[in-house]
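Work through the exercises below with the sequence and the model in view, and attempt each task before you read its solution.

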Amino acid sequence: PSSLNLAQAVIDGVSALDGTYQGINPEFKPDDLLNKSLSLKSKSKLFIPPPDSFIFHCKACNTCQSCSVLTPSSNKLKLPRTYTGFFENGHIIYNKTPYHPEELRQLNVDGANGIGALKLQELEPYLEKKLQLKVHNNGVNGKLNYLCGADFVKVQQKLPHGLLHIKTNERSCSFDGDADRIVYYYIDESGCFHLLDGDKIATLITIFLQELLVKTDLDLQIAVIQTAYANGSSTRYITEVMKVPVHCVNTGVKYLHHKAQEFDVGVYFEANGHGTVLFSKTAENKIRQLAQDNNQLVERINAAKMLENTIDLINQTVGDAISDLLTIEAILSIKGFTIQQWDSIYTDLPNRQLKVKVSDRQIIVTVDAGKRVVSPAGLQQNIDALVKKYNLSRAFVRPSGTEDVVRIYAEAETQSNADTLAHEVSLVVYKLAGGVGEEPKLLH
């Protein structure tokens with residue numbers, strides 16, 4: 001019901017800038033809500049391309065005139081050009097080692113019947129068979145995000161419709177409907193489902209970037225930004241094994257993005273698969289200068305060139321599933337990782353998320369990036385006592401931002417303990433935070 005008002009607001013905004021709007025449909029009318037594209041007159045600093053164009057945001061320049069608008073007929077699309085720029089004649093350009101054989105270049109993609117599926121299909125011909133995409137749930141028959149998509153796979157922990165019969169160990173991924181999230185998954189030899197979520201993605205990208213930064217010998221600081229929902233195993237691996245600092249912030253992309261801007265290289269992904277990598281202007285300049293400095297050691301130059309290509313491949317503006325997919329696939333090929341090898345970097349701790357209805361969610365007040373509760377009195381002390389009962393466990397609660405619900409997260413060494421801990425915390429929340437309705441029951 002709000003679409004007409006929202007569309008009209010966009011039109012009003014463009015008109016205020018002395019611009020014009022044009023519909024993808026030739027029979028477009030102002031109240032056509034399905035597809036609108038906008039173009040502003042050249043005197044404006046803003047530009048949104050005409051129908052069927054691609055737009056790519058480039059942080060290296062303010063106007064993006066060199067890489068913003070590339071039509072499907074162009075053979076110089078920025079993303080596929082950058083991706084294929086890593087590889088040549090079956091080898092990685094910068095170190096001449098072989099990359100993934102053809103059978104490992106195939107990837108199943110669940111497009112969630114959304115816009116990402118359409119754009120991937122337009123993009124694939126320009127990947128020059130260096131990556132072969134099999135796009136499912138492409139919007140021809142299914143409904144947006146129905147029984148498919150990144151959120152469905154993440155929450156349900158199972159395959160989406162359209163990919164129910166994938167082969168053992170076959171690499172697959174899902175976008176969400178508007179293509180700003182991505183998660184990976186596969187089925188092992190015993191038929192078990194394995195999810196590689198935003199935590200695994202952040203870890204893989206950080207490993208790759210850290211290795212290259214070490215080879216460049218540039219004085220640049222890399223950090224990973226997480227929320228309290230990040231799996232404890234990922235945090236421990238990044239801090240204790242990789243020795244990369246991790247910073248925890250409040251839940252929400254705006255908090256992650258702002259914190260990531262404080263570092264030369266800031267990696268952030270929410271567990272749901274929404275995230276990106278930010279490079280400071282100083283870091284970009286140092287990397288690009290080294291990549292062009294032929295007086296340096298070849299190893300340093302090649303590492304800088306790979307970082308330069310990575311900067312051009314990543315969308316630093318916002319979570320972008322297509323850009324993230326190409327970045328992940330490039331890293332897997334360069335490192336020669338199968339999805340099982342990627343998954344085995346660390347093992348996720350079992351976890352459980354629950355929610356409890358309360359009369360007023362505002363009674364819950366948290367600190368320390370949402371990891372500890374200061375109101376109501378006694379709640380945090382009870383949570384601490386429950387956590388001590390289980391090995392490798394933790395739990396936290398936070399109020400919903402939209403409804404009178406308290407969300408509960410618990411993890412532990414076993415799934416049974418995680419389930420029990422989550423239930424016990426939910427009971428304490430129900431009693432101390434004004435629970436309404438039936439008392440929470442243990443999941444079976």
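R407 counts as partly exposed at 25% relative accessibility, where buried stands for under 20% relative accessible area, exposed for over 50%, and partly exposed for what lies in between, with a 1.4 Å probe and protein chains only. The model is a predicted one, in which local features need pLDDT of at least 70 and side-chain atom pairs count only at pLDDT 80 or more, while totals for chains, interfaces and linings use all residues. Residues are numbered from 1 along each chain as its sequence is written, and side-chain values use heavy atoms, with hydrogens and water left out.

**Exercise: salt bridges and their surroundings**

Task: Determine which residue meets the side chain of R407 in a salt bridge, and set its accessibility beside that of the residues in other such pairs.

Solution: Begin with the criterion, which asks for a side-chain nitrogen of Lys or Arg within 4 Å of a carboxyl oxygen of Asp or Glu; the structure holds 20 such salt bridges. The partner of R407 is E403, at 3.4 Å from N to O, and E403 is partly exposed, with a relative accessible area of 33%.

Next take E122, which forms a salt bridge with K119, the closest N and O atoms being 3.4 Å apart. Both residues lie in helix α3 (residues 115–123), 3 residues apart, about one turn of the helix; here helices are DSSP runs of H or I with at least four residues, strands are runs of E with at least two, and both are numbered from the N terminus. E122 is partly exposed, at a relative accessible area of 26%.

Finally, R171 and E329 meet in a salt bridge at 2.7 Å, N to O. This pair links distant parts of the chain, 158 residues apart: R171 is in the loop between α4 (150–156) and β9 (172–175), and E329 is in helix α10 (residues 321–335). R171 counts as buried at 6% relative accessibility, and E329 is buried as well, at 1%.

**Exercise: the sheet beneath a helix**

Task: Establish in what order the 5 strands of the open sheet that includes β9 are arranged, and which strands α10 lies across.

Solution: Two strands pair if DSSP finds at least two bridges between them, and the resulting order is β8-β7-β9-β10-β11, with mixed pairing. The edge strands, each paired on one side only, are β8 (132–136) and β11 (193–196). Strand β7 (residues 106–110) pairs with β8 in the parallel sense over 5 bridges, and V109 has V135 in β8 as its bridge partner. Helix α10, which carries E329, lies across β7, β8, β9 and β10 (182–187), running at about 50° to β10; axes are lines fitted to C-alpha atoms, for helices over the stretch in contact, and angles run from 0 to 180 degrees between N-to-C directions.

**Exercise: the buried face of a helix**

Task: Identify which residues of helix α8 (residues 281–291) are buried, and explain why they line one face of the helix.

Solution: The buried residues are A283, E284, I287, R288, L290 and A291. Seen down the axis of α8, these buried residues fall within an arc of 160°, so they line one face; the arc is that of the directions from the helix axis to the C-beta atoms. The buried residues of α8 pack against α5 (198–216), β15 (275–279) and α9 (298–313), contact being defined by heavy atoms within 4.5 Å. As a last step, note that E284 and R288 are linked with E308 and D312 in a network of salt bridges.
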